[in-house]
Amino acid sequence: MTMLNLTPTELERYRRQIMLPGFGEEAQQRLKASTVLVTGVGGLGGTAALYLAVAGVGKLILVRGGKLRLDDMNRQVLMTQDWVGKPRVFQAMATLRALNPDVEIEALCEYITPENVDRLVQSSDMALDCAHNFGERDVLNAACVRWGKPMVEAAMNDMEAYLTTIIPGQTPCLSCIFPEKPNWDRRSFGVLGAVSGTLACLTALEAIKLITGLGEPLLSQLLTIDLSRLEFAKRRPYHDPDCPVCGHADKQAVAHPFTPPLLLTRG
Amino acid sequence: MAVKVLIPTPLQKFTRDQATVECNGGTINELLDSLEQSCPGIKARLCDDSGELRRFINFYVNSEDIRFLEGKNTALQEGDEVSIVPAVAGG
């Protein structure tokens, strides 16, 4: 694998996390060598991107269409009020660059589509699925399965959320867990920034674990979260052997088995 | 068989805003009928017109997805916890 040397500035900047048992300079180098795709850069994806940027992930690809609205400001912590009406993904890039100039950032003011998804997934080591609609989520899930890239699935509604880490061929994919999607109005529920932010921190942590080998990622486990009562539970989601999306990924995975840490599989 | 059912927020309008409901039933099927009796209207959200469970909702008995078990015919024990987890897409 390609290990990148850390500069004296990086060694100082990340000193407190390098101290963590099981982390060390090697984990930091793995982060530096990684590219993470983040979709739906809003209350969830934007905050997850923030924690990946300050942790020293080498490159972030931020994908989010649309312009900032005033009613985004209760949770989209990368945004500033003077940016309302402008494409939010460029403000996200500017804030992250100011926080950590060592992180390379690519920002696309687009939604995830069948046309752009393959290039984006192929350019990344893993993806965070933080879009605000099922369409983008399904397209990203299928592409991650197609290219054998891990995907952290994080979604919320009101005070509830769920999280799981998908490794194609090893774990259930999003389509195994939810083969169909409901008619769902993305503006029909309330959201507190502290709720999307809580889920975002856990999402970023899953990515960091997968990249570095720290701790145990949520593989084949669905963490359900009810923040109104602070109930957290891990459940075993269904892995469908006949899944139309990943049903054949098991066989492909034999040729390219994924072993955390993520970058061990790189040439 | 007394069973605790965890209700997700979007369905709590059927449960008078309660996040948990105590129900009876020896199987998931019987539980759905018991739930409909105490919370009228909820079953149509969980099952389609032909009575099949909707595929955008997961049902877990304790921590196990019922598709690993016997689906709607999964047997329930006294004290089991049944969780209803719908697909959501909020970011």
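In chain B of this predicted model, helix α1, which spans residues 28-38, lies across the strands β1 (2-6), β2, β3 and β5 of the same chain, and the helix runs at about 120° to β2(B). The strands beneath that description belong to an open sheet of five strands in chain B, whose order is β2-β1-β5-β3-β4 and whose pairing is mixed. Because β2 (20-24) and β4 (64-65) of chain B stand at the edges of this sheet, each has a single partner strand, and one side of each is left without a neighbour in the sheet. In general, the strands of a sheet pair through backbone hydrogen bonds, and the pairing can be either parallel or antiparallel. One of the pairings in chain B joins strand β3 (residues 57-61) to strand β5 (residues 81-86), which pair in the antiparallel sense over five bridges. To follow one such bridge in the structure, start at Val61(B), whose bridge partner in β5(B) is Val82(B).

Chain A also holds a sheet, and this one is an open sheet of eight strands in the order β3-β2-β1-β4-β5-β6-β7-β8, again with mixed pairing. Here β3 (104-108) and β8 of chain A are the edge strands, each with a single partner strand, so one side of each is left without a neighbour in the sheet. Neighbouring strands of this sheet are turned against each other by 15° on average, if direction is ignored. Within the sheet, strand β5 (residues 151-157) of chain A and strand β6 (residues 160-166) of chain A run antiparallel and are joined by seven bridges, and in β6(A) the residue Thr165(A) is the bridge partner of Val152(A). Helix α7 (residues 134-147) of chain A lies across β1 (35-39), β4 (126-129), β5 and β6 of that chain, and runs at about 165° to β5(A).

Chain A also shows how helices meet one another, and helix α9 is a useful place to look. The axes of helix α4 (residues 45-55) and helix α9 (residues 193-212) of chain A come within 7 Å and cross at roughly 45°, and because of this angle α4(A) counts as oblique to α9(A). The contact draws on residues of both helices, among them Tyr51(A) and Leu52(A) of α4(A) and Ala204(A) and Ile208(A) of α9(A). When the residues of this contact are sorted by class, nine are nonpolar, three are polar and none is charged. The crossing of α4(A) past α9(A) is right-handed.

Helix α3 (residues 24-32) of chain A packs against α9(A) as well, at an angle of about 110° and with the axes 9 Å apart, so that α3(A) is roughly perpendicular to α9(A). This crossing, too, is right-handed. In this contact Ala27(A), Arg30(A) and Leu31(A) of α3(A) meet Ile208(A), Ile211(A) and Thr212(A) of α9(A), and by class the contact has four nonpolar residues, one polar and one charged.

The last step leads from one chain to the other. Over all chains the count of aromatic pairs comes to two, and one of them is formed by Tyr238(A) and Phe68(B), whose ring centres are 5.1 Å apart and whose planes stand at 70°, so the pair is edge-to-face. This pair crosses between the chains, from Tyr238(A) in the loop between β8 (231-235) and α10 (249-255) of chain A to Phe68(B) in the loop between β4 and β5 of chain B.

Technical notes. Residues numbered from 1 in each chain as written. Chains lettered and ligands numbered in written order. Predicted model: local features only at pLDDT ≥ 70, side-chain atom pairs only at ≥ 80, totals over all residues. Heavy atoms only, no water. Axes fitted to C-alpha atoms, helices over the stretch in contact; angles between N-to-C directions. Helix = DSSP H or I, 4+ residues; strand = E, 2+ residues; numbered from the N terminus. Parallel < 35°, antiparallel > 145°, perpendicular 65-115°, else oblique. Left-handed = near helix turned anticlockwise from the far one by under 90°. Contact = heavy atoms within 4.5 Å. Nonpolar A, V, L, I, M, F, W, Y, C, P; charged D, E, K, R; others polar. Pairing = 2+ DSSP bridges. Phe/Tyr/Trp six-rings, centres within 6.5 Å; stacked < 30°, edge-to-face > 60°.
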